[in-house]
Amino acid sequence: MHLRIVERGQPEDLYQLGWSARAISRQLNRHHATIAREIKRSCVNAAYEASTA
């Protein structure tokens with residue numbers, strides 16, 4: 001399942017704070033693989049950017 005546009009800013013903020021994909025997934029009530037794929041797909045210069053997603 002994909003994240004909605006409004007949800008994509010939250011993983012960006014949490015990932016930049018050093019949260020893991022599993023911790024972010026618990027916070028957003030999403031499967032950890034969804035968050036991990038989203039981060040992997042949208043990383044630019046080793047940083048997740050929601051605008052790229």
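## A helix to start from

Let's begin in the middle of things, with helix H2, which covers residues 21–28 and has Ala21, Ala23, Ile24, Ser25 and Leu28 buried. These buried residues pack against two partners, H1 and helix H3 (32–41). What you are looking at is a predicted model, and H2 is a handy place from which to explore it.

## The whole chain

Stepping back, the chain contains 3 helices and 2 strands. Their order along the sequence is α-α-α-β-β, so that H1, H2 and H3 come before the strands.

The chain has 53 residues, and 36% of them are buried. Its accessible surface is about 3,700 Å², with 51% of that belonging to carbon and sulfur atoms. As for how the chain meets itself, take the contacts between residues at least 6 apart in sequence: 44% of these join residues at least 24 apart.

## Helix H1 and its buried residues

Helix H1 spans residues 9–16, and Leu14 is part of it. Within H1, the buried residues are Pro11, Glu12 and Leu14.

Is Leu14 buried or exposed? Leu14 has a relative accessible area of 13%, and because the cut-off for buried is under 20%, Leu14 counts as buried. Setting aside residues up to four places away in sequence, Leu14 touches Trp19, Ile24 and Gln27. For Leu14 and Ile24, the separation is 10 residues in sequence and 6.7 Å in space, C-alpha to C-alpha.

Gln10 also belongs to helix H1. With a relative accessibility of 39%, Gln10 is partly exposed. Between the C-alpha atoms of Gln10 and Leu28 there are 8.2 Å, while along the chain these two residues are 18 apart.

## Where H1 meets H2

Two packed helices can be described by the angle between their axes and by the distance between those axes. For H1 and H2, the angle is about 140° and the axes are 10 Å apart. That angle makes H1 oblique to H2, and H1 passes H2 in a right-handed crossing.

Which residues make this contact? From H1 come Gln10, Pro11, Leu14 and Tyr15, and from H2 come Ile24, Gln27 and Leu28. Sorted by class, the residues of the contact of H1 with H2 are 5 nonpolar and 2 polar, with no charged ones.

## Where H2 meets H3

On to the next pair: H2 and H3 pack with their axes 8 Å apart, at an angle of about 120°. This makes H2 oblique to H3, and the crossing of these two helices is right-handed.

H2 supplies Ala21, Arg22, Ile24, Ser25 and Leu28 to the contact, and H3 supplies His32, Ile35, Ala36 and Ile39. The contact of H2 with H3 divides into 6 nonpolar, 2 polar and 1 charged residues.

## Ile24, a meeting point

Ile24 is found in helix H2, and its name appears in the contact with H1 as well as in the contact with H3. How accessible is Ile24, buried or exposed? Its relative accessible area is 0%, so Ile24 is buried.

Leaving out neighbours within four places in sequence, Ile24 is in contact with Pro11, Leu14, Tyr15, Trp19, Ile35 and Ile39. For one of these partners, Ile35, the C-alpha atom lies 7.2 Å from that of Ile24, with 11 residues of separation along the chain.

## Just after the helices

Two residues that follow helices are worth a look for their backbone angles. Just after H1, Gly18 has a positive phi of about 95°. Just after H2, Asn29 has a positive phi too, of about 60°.

Most residues other than glycine have a negative phi. Asn29, however, has its positive value as a residue other than glycine. Asn29 sits in the loop between H2 and H3, where its relative accessibility of 69% makes it exposed.

Terms used: Residues are numbered from 1 along each chain as its sequence is written. This is a predicted model: local features need pLDDT of at least 70, side-chain atom pairs count only at pLDDT 80 or more; totals for chains, interfaces and linings use all residues. Side-chain values use heavy atoms; hydrogens and water are left out. Helices (H or I, at least four residues) and strands (E, at least two) are DSSP runs, numbered from the N terminus. Buried means under 20% relative accessible area, exposed over 50%, partly exposed in between (1.4 Å probe, protein chains only). Contact means heavy atoms within 4.5 Å. Accessible areas come from the Shrake-Rupley method with a 1.4 Å probe; for residues, only the protein chains shown count as cover. Axes are lines fitted to C-alpha atoms, for helices over the stretch in contact, and angles run from 0 to 180 degrees between N-to-C directions. Angles under 35 degrees count as roughly parallel, over 145 as roughly antiparallel, 65 to 115 as roughly perpendicular and the rest as oblique. A crossing is left-handed if the near helix is turned anticlockwise from the far one by less than a right angle, and right-handed if clockwise. Ala, Val, Leu, Ile, Met, Phe, Trp, Tyr, Cys and Pro count as nonpolar, Asp, Glu, Lys and Arg as charged, and the others, Gly among them, as polar.
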